[in-house]
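Here is a short tour of a protein model, written for someone who likes to know the cut-offs behind each statement. Please have the viewer open and follow along.

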Amino acid sequence: MSAKPEVGLVREASRQIVAGGSAGLVEICLMHPLDVVKTRFQIQRCATDPNSYKSLVDSFQMIFQMEGLFGFYKGILPPILAETPKRAVKFFTFEQYKKLLGYVSLSPALTFAIAGLGSGLTEAVVVNPFEVVKVGLQANRNTFAEEALH
């Protein structure tokens with residue numbers, strides 16, 4: 001008899017994780033083209049560079065003309081691999097915090113706020129070490145140039 005509630009909990013947790021993972025995947029697929037454009041603007045050398053973009057519209061046009069539609073999705077795999085589990089953790093922990101807070105008499109608004117805060121903090125604790133490494137690698141521009149020279 002005890003197996004039935006456990007199956008329900010596993011099914012519920014699975015739905016929350018799949019919902020969060022799906023949300024992360026959809027978010028990346030929709031937002032990645034903007035991230036590509038942002039990154040291209042950040043790394044362009046100067047206005048006289050023949051590959052520099054003059055405006056946001058110009059950048060979209062140049063990328064589409066030079067690389068096609070899939071040019072907007074270059075480098076999408078790492079964000080998918082990071083964002084999908086990140087959102088899954090956030091959705092799952094939000095629902096768990098909400099359930100725990102159900103035992104305390106709080107207003108629904110306060111319950112949602114605290115559950116959101118808790119899930120955001122949990123996500124930060126889980127994800128932050130990976131973000132620190134990523135930012136460190138992105139910020140250290142000379143590493144690859146120095147290694148190429150040696």
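Let us start with accessibility: a residue is called buried under 20% relative accessible area, exposed over 50%, and partly exposed in between, using a 1.4 Å probe and protein chains only. Val26, at 48% relative accessibility, is therefore partly exposed.

This is a predicted model, in which local features need pLDDT of at least 70 and side-chain atom pairs count only at pLDDT 80 or more, while totals for chains, interfaces and linings use all residues. Residues are numbered from 1 along each chain as its sequence is written, and side-chain values use heavy atoms, with hydrogens and water left out.

**Overall picture**

The protein has 5 helices and 0 strands, giving the pattern α-α-α-α-α along the sequence. Helices (H or I, at least four residues) and strands (E, at least two) are DSSP runs, numbered from the N terminus. Of the 150 residues, 23% count as buried. A contact here means heavy atoms within 4.5 Å. Among contacts in the protein with a separation of 6 or more, 61% come from residues 24 or more positions apart. The protein exposes about 10,900 Å², and carbon and sulfur atoms supply 69% of that area; the areas come from the Shrake-Rupley method with a 1.4 Å probe, and for residues only the protein chains shown count as cover.

**Helix H1 and its surroundings**

Helix H1 covers residues 3–43 and includes Val26. Which residues join Val26 in a nonpolar surface patch? They are Leu30, Met31 and Leu34, and the patch measures about 400 Å². Patches are made of residues with over 30% relative accessible area and no salt bridge; like charges are joined within 9 Å, and nonpolar side chains (Val, Leu, Ile, Met, Phe, Trp, Tyr) within 5 Å. As general background, an α-helix has 3.6 residues a turn, so residues three or four places apart point the same way.

Leu30, also in helix H1, is exposed at 62% relative accessibility. Its C-alpha atom is 9.8 Å from that of Tyr73, although the two residues are 43 apart in sequence.

His32 sits in helix H1 too. Is His32 buried or exposed? At 6% relative accessibility, His32 counts as buried. Not counting residues up to four places away in sequence, His32 touches Phe72, Tyr73, Lys74, Gly75, Ile76 and Pro79.

**Helices H3 and H4**

Helix H3 has 25 residues (77–101), which at 1.5 Å a residue should span 36 Å, and its end C-alpha atoms are indeed 36 Å apart. The expected span is 1.5 Å times one less than the number of residues. The buried residues of H3 are Ile80, Glu83, Lys86, Arg87, Ala88, Thr93 and Leu101, so charged names appear in this list as well.

Ser119 belongs to helix H4, residues 108–139, and is buried with a relative accessible area of 3%. Beyond its neighbours within four places in sequence, Ser119 is in contact with Lys90, Thr93, Phe94 and Tyr97. A polar atom of the Ser119 side chain also lies 3.0 Å from the backbone oxygen of Gly116.

**Salt bridges**

A salt bridge is a side-chain nitrogen of Lys or Arg within 4 Å of a carboxyl oxygen of Asp or Glu. By this rule the count comes to 11 salt bridges. Three of them are listed here.

| Acidic residue | Basic residue | Closest N to O |
|---|---|---|
| Glu67 | Arg40 | 2.9 Å |
| Glu67 | Lys74 | 2.9 Å |
| Glu123 | Lys90 | 2.9 Å |

The Glu123–Lys90 pair links distant parts of the chain, with Glu123 in helix H4 and Lys90 in helix H3, 33 residues apart. Glu123 is buried at 9% relative accessibility, whereas Lys90 is partly exposed at 27%.

Glu67 forms a salt bridge with Arg40. Glu67 lies in helix H2 (residues 56–67) and Arg40 in helix H1, so the pair ties together parts that are 27 residues apart in sequence. Glu67 is partly exposed at 28% relative accessibility, and Arg40 is buried at 18%. Lys74, the other partner of Glu67 in the table, is partly exposed at 48%.

Finally, Glu27, Glu83, Lys86, Arg87, Lys90 and Glu123 are linked in a network of salt bridges.

Key. A polar contact is a pair of N or O atoms within 3.5 Å; within protein, one must be able to donate a hydrogen and the other to accept it, and residues adjacent in sequence count only if both atoms are side-chain atoms.
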